[in-house]
Amino acid sequence: MVWSPLSPPPPFGEVAKTRWRAVPYTAGSGLDLGCGIQKLFDTEFVLGIDNGAAVAQGATVQANIRADVKELTQFAVGAWDFVFSSFLLHQFPYKEVPAVLREWMRVIKIGGALVLYLPSETCYPKCAEPEREIIAEPGAYPDQKWNVNYERMVAAMEAVAYNWDLEYFEACDADDEYAEFYVFRRLK
């Protein structure tokens with residue numbers, strides 16, 4: 001599917017589309033970064049962190065902690081089994097993405113997973129990226145800073161200071177989806 005203006009306004013409601021995909025990679029306790037209106041799982045094992053920006057758009061944010069997810073200094077190295085994030089990473093400028101990913105990987109235990117669900121550049125209206133000579137397409141999400149594709153996502157992860165493996169990737173473009181699903185396993 002390709003996103004259209006008739007689709008629900010992003011980034012609301014995206015986690016429900018991929019929750020079932022995340023189940024095999026989210027055992028134990030973890031963080032849902034940028035949880036917005038709905039956490040990955042509503043249990044005591046998932047801590048939702050969100051800055052609450054969606055409140056300005058009339059949403060009720062379900063975060064346990066209101067904070068900026070770029071710096072997780074309140075958590076120790078290797079404190080969590082997984083970190084999950086849906087439709088958030090593309091809201092940071094691409095040049096900041098490796099540092100954000102490094103911080104997210106820092107709090108994951110060795111053997112734990114970083115699970116990401118992101119809008120696909122092939123199915124979602126592109127935001128302006130002058131450095132790539134891309135102009136904004138009609139319907140582009142105003143908070144989006146870069147267009148996500150497999151190559152750029154892997155390149156950003158290659159700049160992270162932790163050893164990892166891309167355990168799973170899926171282009172999610174059927175039915176009401178216009179995203180990419182990634183699972184990176186922290187090795188060391």
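**Close-up views of a predicted model**

**View 1. Surroundings of L101 in the predicted model.** When neighbours within four places in sequence are set aside, L101 makes contact with L89, L114, L116, M153, A156, M157 and V160. The coordinates shown here and in the views that follow belong to a predicted model. L101 is itself one of the buried residues of α2, and together with L31, L89, W104, L114, L116 and M153 it touches the most other members of the largest nonpolar core, which holds 34 residues.

**View 2. The elements that build the largest nonpolar core.** Among the 34 residues of this core, those that touch the most other members include L31, W104 and M153. Two or more residues come from each of β1 (30-33), β2 (46-50), β4 (80-86), α2 (97-106), β5 (108-119), α3 (150-158) and β7 (179-186). The greatest contribution is that of α2, which supplies five residues. Another core, of 19 residues, lies apart from this one and has V15, Y25, A113 and A179 among its members.

**View 3. Helix α2 and what covers it.** Because eight of its ten residues are buried, α2 is largely enclosed by the rest of the structure. The buried residues of this helix are V97, P98, V100, L101, E103, W104, M105 and R106, and the elements that cover them include β1, β4, β5, α3, β6 (164-172) and β7. In the chain path, α2 also takes part in a right-handed β-α-β unit together with β4 and β5.

**View 4. Strand β4 between its two parallel partners.** Six of the seven residues of β4 are buried, and the strand is accordingly mostly covered. β4 runs parallel to β1, to which it is joined by four bridges, and within this pairing L33 stands opposite S85 of β4. With β5 the arrangement is likewise parallel, six bridges joining β4 to that strand, and here V83 has L114 of β5 as its bridge partner.

**View 5. The seven-stranded sheet and its edges.** The sheet is open, with its seven strands in the order β3-β2-β1-β4-β5-β7-β6 and with mixed pairing. β3 (65-66) and β6 occupy the edges, and since each has a single partner strand, one side of each is left without a neighbour in the sheet. Both kinds of pairing can be followed at β5, which runs parallel to β4 but antiparallel to β7, to which it is joined by seven bridges. In the antiparallel pair, P119 stands opposite A179 of β7, and A179 is also listed among the members of the 19-residue core.

**View 6. Helix α3 over the sheet.** α3 lies across β5, β6 and β7, and its direction makes an angle of about 160 degrees with that of β6. This helix is among the elements that give two or more residues to the largest nonpolar core, and it is also among those that cover the buried residues of α2.

**View 7. N149 in the loop before α3.** N149 is found in the loop between β5 and α3, where it is buried, with a relative accessible area of 11%, since the limit for that term is under 20%. Its side chain reaches two backbone nitrogens, that of E151 at 3.2 Å and that of R152 at 2.8 Å. With neighbours within four places in sequence left aside, N149 is in contact with E121, R132, E180 and Y182.

Notes: Residues numbered from 1 in each chain as written. Predicted model: local features only at pLDDT ≥ 70, side-chain atom pairs only at ≥ 80, totals over all residues. Heavy atoms only, no water. Core = buried A, V, L, I, M, F, W, Y, C linked by side-chain atoms within 4.5 Å. Buried < 20%, exposed > 50% of the residue type's maximum accessible area, 1.4 Å probe, protein only. Contact = heavy atoms within 4.5 Å. Polar contact = N/O pair within 3.5 Å; in protein donor to acceptor, adjacent residues only side chain to side chain. Pairing = 2+ DSSP bridges. Right-handed = clockwise from strand over helix to strand, strands pointing away. Axes fitted to C-alpha atoms, helices over the stretch in contact; angles between N-to-C directions.
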